Amino acid sequence: MSSNIQTYRYDFRSDTLTKPTPAMLEAMINAQVGDDVYKEDPTIIQLEAYAAKLTGKEAAVFCASSTMSNQIAVRSHIITPPCSVICDDRAHIHRYEAGGMALFSQATTYSIHPKNKVYITAEEIKSNIIPYGDEHFPPTRLIEIENTLGGSIMPLEEMKKIYELAQSKDIPVHLDGARLWNVCAATQTDMKLWTSQVDSVNLCLSKGIGAPVGAILAGSSKFIERARLFRKMMGGGWRQAGVLAAAALVAIETIWPRMADDHRRAKELSEGLLKLGIPTIIPTDTNMVMADTSKVGLDVKKLSEECLKHGVKIRDSAPNMIRFVLHHQIEDEAIQIVLDSAKKTLNSQ
Ligand SMILES: Cc1ncc(COP(=O)(O)O)c(C=O)c1O
């Protein structure tokens with residue numbers, strides 16, 4: 001069968017564009033499976049137990065995607081609508097989950113534009129918490145944070161302050177840690193350091209970790225029991241999905257230890273761009289480079305065409321900004337191709 005979908009040597013548009021490695025495919029072929037709704041899929045049980053241990057939580061549940069995992073988390077935390085959720089204005093749950101929270105959780109978001117432009121602070125959250133009492137306003141029932149966000153790291157100290165505040169107000173905290181793997185790789189820290197500062201966490205398996213499908217939601221046993229109920233309600237109670245869990249286990253074992261290379265390459269790219277007069281809008285702490293092309297007036301479409309000549313695909317949908325996302329299938333030569341192409345494009349404008 002032929003396909004007209006284009007493939008590229010290197011694709012910087014997202015870390016969701018990786019292909020499973022031969023080791024992942026082999027693990028999928030050999031995976032032991034059962035029916036996960038019956039809780040009889042041994043590979044899923046293994047993945048969930050591993051994830052619970054990794055995050056220091058009592059339990060975990062394997063979900064089809066991070067969107068599903070986040071939505072289930074919000075719904076499981078919220079017992080009594082109407083209410084509201086505090087989050088960063090750029091948060092995935094606020095902007096990119098098809099408005100799911102309004103439908104599934106009957107909640108609205110109170111979103112904060114962080115003053116420091118990188119992460120929301122405990123102080124900002126404190127002044128946005130809505131207590132019960134005034135019927136105009138939906139009380140805050142959840143605080144949601146995202147780490148990394150745009151590839152930048154929210155410092156552990158800030159997470160501690162947020163959790164302290166949340167606990168003093170009896171409000172749970174959910175972490176969208178789709179890329180918490182990157183936080184740990186960049187800071188060389190134990191994941192539990194971060195997850196101990198939240199009540200629940202989502203970890204994506206199909207981004208920088210490189211598995212083809214899936215996400216993990218972890219929390220207390222009671223919370224995960226509720227989450228399983230909502231996962232089922234959303235049609236996410238899957239059956240012989242151990243084939244997917246097998247790929248995820250291999251991805252964690254083989255790709256995560258190499259993640260620091262993605263971060264090194266991202267730094268090289270952002271430093272190289274800066275030399276050409278192209279700064280980043282937020283720090284390149286991990287695998288994303290948020291390049292502001294407006295200062296030099298770089299023609300993003302032209303750069304994209306130049307990169308394509310070398311088999312490199314970049315995101316070219318915004319006129320003044322390019323989000324480069326690194327992953328394990330982008331090698332050193334791709335960085336050089338982008339930098340050479342940017343130089344050539346600037347010189348020809
Ligand atoms: C921070 C974050 N959370 C959640 C998601 C949702 O992941 P998915 O699209 O796989 O459901 C994404 C996707 O890009 C994301 O970047």
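Thr148 lies in the loop that runs between strand β5 (140–146) and helix α7 (156–168), where helices (H or I, at least four residues) and strands (E, at least two) are DSSP runs numbered from the N terminus. The peptide bond that leads from Asn147 to Thr148 is cis, with omega near 0 degrees. A cis peptide bond also joins Pro81 and Pro82, with omega about 0 degrees, and Pro82 is placed in the loop between α3 and β3 (83–88). In the loop between α4 (92–95) and α5 (100–105) is found Ala98, which has a positive phi of about 55 degrees although it is not a glycine. Most residues other than glycine have a negative phi, and most peptide bonds are trans.

The model is predicted, so that local features need pLDDT of at least 70 and side-chain atom pairs count only at pLDDT 80 or more, whereas totals for chains, interfaces and linings use all residues. Residues are numbered from 1 along each chain as its sequence is written, and side-chain values use heavy atoms, with hydrogens and water left out.

The ligand is surrounded by a shell of residues (each with a heavy atom within 4 Å of it), among them Ser66, Thr67, Asn70, His92 and Glu146. By class, this shell has 1 nonpolar, 5 polar and 5 charged residues, where Asp, Glu, Lys and Arg count as charged, Ala, Val, Leu, Ile, Met, Phe, Trp, Tyr, Cys and Pro as nonpolar, and the others, Gly among them, as polar. The largest share of the shell, 3 residues, comes from helix α3 (residues 66–77).

Polar contacts (pairs of N or O atoms within 3.5 Å; within protein, one must be able to donate a hydrogen and the other to accept it, and residues adjacent in sequence count only if both atoms are side-chain atoms) link the ligand to several of these side chains. A nitrogen atom of the ligand is 2.6 Å from an N or O atom in the side chain of Asp176, while a polar side-chain atom of Lys207 lies 2.8 Å from an oxygen atom of the ligand. The protein covers 78% of the 390 Å² of accessible area that the ligand has on its own, as computed by the Shrake-Rupley method with a 1.4 Å probe.
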